[in-house]
Amino acid sequence: MIVNHQTALMGIIGNPLGHSLSPLMHNSTLAKMGLNYVYLPLQVAPGCLRASLEGLRALNFIGVNVTVPYKKEVIQFLDELSPEASACEAVNLIRNKNGHLVGYNTDGRGFMASLEEEGIQSIHRVIMIGAGGAAYSIAYELSSAGAEQIDILDIEQDKAAALAEFVNQLPGGKASGMRMNDELFIHLSAQADLVINCTPVGMFPNIKGTPVSSLDKVRGAAVIYDLIYNPLVTRFLAMAEARQLKTINGSSMLVHQGALTLEILTGVQPPLAYMKEVILNSCQRG
Ligand code: NAP
């Protein structure tokens, strides 16, 4: 990669950023595409978010991804929001159009693209475990795509109820929000088409964790999805594999939301298969 006065700047803002695979994925892909762009990890200290956005304008960055803990806080400093970002009240991508900052949320669309890639078209009943930031964008897209019922379980009853209320306010949205407990999960899981772990439980280094103790009652045709990509096979997915259920790990969503980032910022469709190869080569199986 040659960086010169014409190199276009992009990056990711968040704190911490040590875990992020986005710089590796994007820099490798941009080089593969032959584009004169560079993607930088930009760790933003607490209290410096507004100044960092002024910096992006001043230095003419074309855009940045946004990650934990700034996905919501950043909204107040932006000039415009996409419909998804506005509905979910969370932004994971900012595009700088000559100083006019537009916020997008590509997490949910990345998730839906990963389902499509696996040939999964119609989803009727969903269980979402965890009602944090990622869950909002996924619930928004699943509901918009016609999911008939979304049951949300979180260790905090208020969070589950708030996400259910958000879904129930969408046109055609139908959701329930309850405090996570194993018995309830087992009862609901007998009817679900899709079960999604939207919590960090099971993520490196705490790989022994699992958000549920059993998948025994899940239907044989159900899909088990874990948003975690490190490791690629969490204990939750290993439990599903042991029952020969279809599983999807978080690498696919990561790649698809990353591809949407590049498409929005460069106007060029990136090579998905190459992006996936980069991610899979840098993740552990479990
Ligand atoms: P988050 O905002 O922290 O949300 C996680 C939620 O799950 C919180 O409400 C948390 O409650 C709850 N929770 C924790 N343990 C639980 C349990 N045992 N049962 C039920 N609920 C539980 O995190 P996020 O940003 O939404 O991210 C969630 C996961 O998705 C992370 O692993 C993240 O790395 C992954 N992710 C992947 C992608 C991708 O592209 N693959 C994209 C975005 C996120 P408390 O707040 O009380 O702990």
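Where is the place of Pro16 in this structure? In this predicted model, Pro16 is found in the loop that runs between strand S1 (8-14) and helix H1 (22-33). The peptide bond leading from Asn15 into Pro16 is cis, and its omega is near 5°.

**Backbone geometry**

A second cis peptide bond joins Val68 to Pro69, with omega near 10°. Pro69 is placed in the loop between strand S3 (63-66) and strand S4 (80-81). Asn60 has a phi near 60°, which is a positive value in a residue other than glycine. The location of Asn60 is the loop between helix H2 (49-58) and S3. As general background, most peptide bonds are trans, and a negative phi is found in most residues other than glycine.

**Ligand site**

The ligand occupies the largest pocket. Helix H5 (133-144) and helix H9 (251-266) are the elements that contribute two or more residues to the shell around the ligand. In total, 22 residues surround the ligand, and the closest are Ala134, Asp154, Glu156, Lys159 and Gly250. Sorted by class, this shell consists of 14 nonpolar, five polar and three charged residues.

Polar contacts between the protein and the ligand include those in the following table.

| Residue | Protein atom | Ligand atom | Distance |
|---|---|---|---|
| Gly133 | polar backbone atom | oxygen | 3.1 Å |
| Asp154 | polar side-chain atom | oxygen | 2.8 Å |
| Ile155 | polar backbone atom | nitrogen | 3.3 Å |

On its own, the ligand has 920 Å² of accessible area, of which the protein covers 77%. Asp154 thus appears both among the closest residues of the shell and in a polar contact made through its side chain. Gly133 and Ile155, by comparison, are listed with polar backbone atoms.

**Aromatic pairs**

How many aromatic pairs does a search of the whole structure find? The search yields two. One of the pairs is formed by Phe111 and Tyr225, whose ring centres are 4.6 Å apart; their planes meet at 35°, so the pair is classed as tilted. Phe111 belongs to helix H4 (residues 107-117) and Tyr225 to strand S11 (residues 223-226), and the pair therefore ties together parts that lie 114 residues apart in sequence.

Terms used:
Residues numbered from 1 in each chain as written. Predicted model: local features only at pLDDT ≥ 70, side-chain atom pairs only at ≥ 80, totals over all residues. Heavy atoms only, no water. Near = heavy atom within 4 Å. Polar contact = N/O pair within 3.5 Å; in protein donor to acceptor, adjacent residues only side chain to side chain. Areas by Shrake-Rupley, 256 points an atom, 1.4 Å probe, with all protein chains shown as cover. 1 Å grid on protein atoms, 1.4 Å probe; cavity = no way out; pocket = protein on both sides within 12 Å on 5 of 7 lines; lining within 4 Å. Sits in = over half its atoms within 2 Å of the grid points. Helix = DSSP H or I, 4+ residues; strand = E, 2+ residues; numbered from the N terminus. Nonpolar A, V, L, I, M, F, W, Y, C, P; charged D, E, K, R; others polar. Phe/Tyr/Trp six-rings, centres within 6.5 Å; stacked < 30°, edge-to-face > 60°.
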